[in-house]
Amino acid sequence: MADHHLVRPSPIRHSGAMDSGLAAVLGATVGALGTGATGLAAALLGRSTARHQVRAENMRALRESRRATYLAFAEAHERYLDLLSTTLIPLSRIERFPSQREEWIEKAHKRWNQALKYRQNEIQKIRAVLYLDATRPVAEAALEVTMRFALLSNATRRTIEALKGQGLDTGPITPPRPGYIDRLTEDGLDPETPA
């Protein structure tokens, strides 16, 4: 019994008021953390939504741009085909009106030249734009279409050449870039001598 006086009583007393104060502080802390987490989540979600909206707008603009390019490509090729078709009208009249043969050949040649100039200017331009704007499969398909039109033009040219008995001028030839001839001679090739 003598050991009772060695045990010291605890200076902290637990009371109901102390427990409710601690609960209030903990509740406020949890509430603040919850509010902060909710605010952070809302901000991140809003940012993600904004990014999604920007991405969707960019995709819409890209689709619109491609659609306009594809339409311009189709319209340019339709116009080119119309020009080539007008070349065939005089060619079809040569046999029906043999006395006017030379006039019909010249008309066909003149119309073919108009189609050629259109191809060299407008078709090449829209093809370059399409190549930059289109997906790879569409660009490859467009090149195939352009090549088919060029084959039609070449067949028309050969027909006119055969009727005239001479070759036709197919437009300006792009001169070589500066230094190209020098490079050929450095490699031992003579650009003046045919291979």
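Helices (H or I, at least four residues) and strands (E, at least two) are taken as DSSP runs and numbered from the N terminus. The model described here is predicted, so local features need pLDDT of at least 70 and side-chain atom pairs count only at pLDDT 80 or more, while totals for chains, interfaces and linings use all residues. Residues are numbered from 1 along each chain as its sequence is written, and side-chain values use heavy atoms, with hydrogens and water left out.

The protein chain contains four helices and zero strands, and its pattern along the sequence reads α-α-α-α. Among contacts (heavy atoms within 4.5 Å) with a separation of 6 or more, 75% join residues 24 or more positions apart.

Of the 195 residues in the protein chain, 19% are buried, that is, under 20% relative accessible area with a 1.4 Å probe, protein chains only. The accessible surface, computed by the Shrake-Rupley method with a 1.4 Å probe, is about 15100 Å². Carbon and sulfur atoms hold 60% of this surface.

A pocket is an open set of points on a 1 Å grid over the protein atoms alone, where a 1.4 Å probe fits, with protein on both sides within 12 Å along at least five of seven lines; lining residues have an atom within 4 Å of a point. The largest pocket has a volume (the space filled by probe spheres set on the points) of about 170 Å³. Its lining consists of Arg127, Leu130, Tyr131, Arg136, Ala139, Glu140, Ala142 and Leu143. Two elements, α2 (101–133) and α3 (136–164), each give two or more residues to this lining. The most come from α3, with five residues.

Terms used. Buried means under 20% relative accessible area, exposed over 50%, partly exposed in between (1.4 Å probe, protein chains only).
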